[in-house]
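User: Please take a close look at one part of this model, the sheet with the helices that pack on it, and describe how the pieces fit together. I would like the aromatic contacts included.

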Amino acid sequence: MHPVSPALLWDLAEGGEASGLTLGLEALKQRASVELLRELESYRQELLQERERQANIKEKYGVRSLEHLVVELDGDLIRLQERRDAGENVDLVIHNKQEQKKNYERSLENLRRSLEQDRTLTLSTPRFLGAVAVVPQRIQADEMVSDPQIEQVGMRVTMDYERRQGRVPEDVAASNLGFDVRSTDPTSGAKRYIEVKARAGKGNVSLTQNEWFKARRFGLDYYLYVVLDAASDPQLYIIRDPAETLQPEEHVEVRYLVGVSEILAHGEHAEA
């Protein structure tokens with residue numbers, strides 16, 4: 001069990017009933033609570049360190065400055081009291097100084113209370129909101145089916161192509177960022193955000209909602225690399241800015257179906 005990006009839920013379509021789901025739910029909740037508390041405790045310690053650093057800065061400059069101002073006002077009031085005892089009319093000045101001192105003391109007390117609160121962080125018991133069961137979806141005739149071997153071919157072809165072009169590709173597929181490869185030009189620093197799709201033969205490919213959102217966000221820096229005939233003779237087609245270039249069919253489960261005719265028409269056939 002490990003934490004994942006909640007954006008993962010965007011890519012899931014509503015499925016059918018999951019038999020036996022409730023049988024292990026209590027045990028799952030217990031495991032999740034233990035894992036979550038461990039993560040939260042680590043985050044609490046990290047947050048405490050940052051809070052302590054900020055509190056030290058406030059203490060050094062805020063608390064000491066206010067203390068210095070209060071001491072100065074005490075000195076002013078002592079001198080004004082001596083002048084009043086000598087017969088001078090300084091009552092108004094004394095009143096103003098006293099009010100000013102009260103304001104400083106109030107600010108000082110509030111700051112100290114705030115610093116004490118900043119340095120105190122407690123964990124409350126996590127509250128269970130719900131569980132998501134991921135079940136296999138019914139596959140349509142022309143819908144993509146996950147095949148790890150074909151996907152590996154697509155990634156290999158993509159990484160090899162990027163290296164031949166002098167760029168430095170990084171496989172980030174496991175991070176669910178909405179793209180599979182982040183490729184950097186070492187000279188200019190320009191980046192390509194590449195989503196890789198591979199088919200064993202020739203066929204449509206689909207983009208998830210997360211992938212399509214990222215395509216729209218990154219625009220000209222986002223690329224769709226489609227590897228057709230990956231099982232026999234891999235052919236790489238590159239489509240830049242697919243959100244602007246393509247006109248996919250939007251499915252009800254919010255996936256963007258890119259037809260093979262679109263790939264062949266708009267893709268730049270590159271040497272695989």
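Analyst: In this predicted model, helix α3 lies across β1, β2, β3, β5, β6 and β9 and runs at about 150 degrees to β3. The strands beneath that contact form an open sheet of six, in the order β1-β2-β3-β5-β6-β9, with mixed pairing. Its edge strands are β1 and β9 (268-270), each of which pairs on one side only. On average, neighbouring strands of the sheet are turned by 30 degrees against each other, direction ignored.

Within the sheet, β5 pairs with strand β6 (residues 235-240) in the antiparallel sense, over six bridges. V227 has L236 in β6 as its bridge partner. Helix α4 (residues 209-218) also packs on the sheet; α4 touches β3 and β5, and its direction makes about 130 degrees with that of β5.

The buried residues of α4 are N210, E211, W212, K214, A215 and F218. They pack against β3 and β5, and also against β4 (205-207), α5 (242-245) and β8 (256-258). Just after α4 comes G219, with a positive phi of about 55 degrees.

Next, the aromatic rings. A pair of aromatic rings is described by the distance of the centres and the angle of the planes. There are five aromatic pairs by the rule used here, which asks for ring centres within 6.5 Å. One of them is Y161 with Y225: the ring centres are 6.1 Å apart and the planes stand at 75 degrees, so this pair is edge-to-face. The angle decides the class because planes over 60 degrees apart count as edge-to-face. Y161 belongs to helix α3 (residues 148-164) and Y225 to strand β5 (residues 222-228), so the pair ties together parts that are 64 residues apart in sequence. Y161 and Y225 are both buried.

F179 and Y193 form an aromatic pair as well, again edge-to-face, with 5.1 Å from centre to centre and 65 degrees between the planes. F179 sits in the loop between β1 (168-171) and β2 (181-184), while Y193 is in strand β3 (residues 191-198), so the parts tied together here are 14 residues apart in sequence. F179 has 5% relative accessibility and therefore counts as buried. Y193 is buried too, its relative accessible area being 15%; the cut-off for that class is under 20%.

Y161 and Y225 are also members of one aromatic cluster, together with Y223. The face of Y223 has a charged partner: R192 lies over the ring, at 4.0 Å from its centre. Another charge over a ring is K29, which lies over the face of F128 at 4.6 Å from the ring centre.

One residue from the loop between α2 (91-118) and α3 may be added, namely L123. L123 is partly exposed, because its relative accessibility is 37%. Leaving aside neighbours within four places in sequence, L123 is in contact with L40, E41 and R44. From L123 to T208 the C-alpha to C-alpha distance is 36 Å, and the two are 85 residues apart in sequence.

To return to the sheet, α3 lies across its six strands, α4 touches β3 and β5, and the Y161 and Y225 pair links α3 to β5.

Technical notes
Residues numbered from 1 in each chain as written. Predicted model: local features only at pLDDT ≥ 70, side-chain atom pairs only at ≥ 80, totals over all residues. Heavy atoms only, no water. Phe/Tyr/Trp six-rings, centres within 6.5 Å; stacked < 30°, edge-to-face > 60°. Helix = DSSP H or I, 4+ residues; strand = E, 2+ residues; numbered from the N terminus. Buried < 20%, exposed > 50% of the residue type's maximum accessible area, 1.4 Å probe, protein only. Lys NZ or Arg CZ within 6 Å of the ring centre and 35° of its normal. Pairing = 2+ DSSP bridges. Axes fitted to C-alpha atoms, helices over the stretch in contact; angles between N-to-C directions. Contact = heavy atoms within 4.5 Å.
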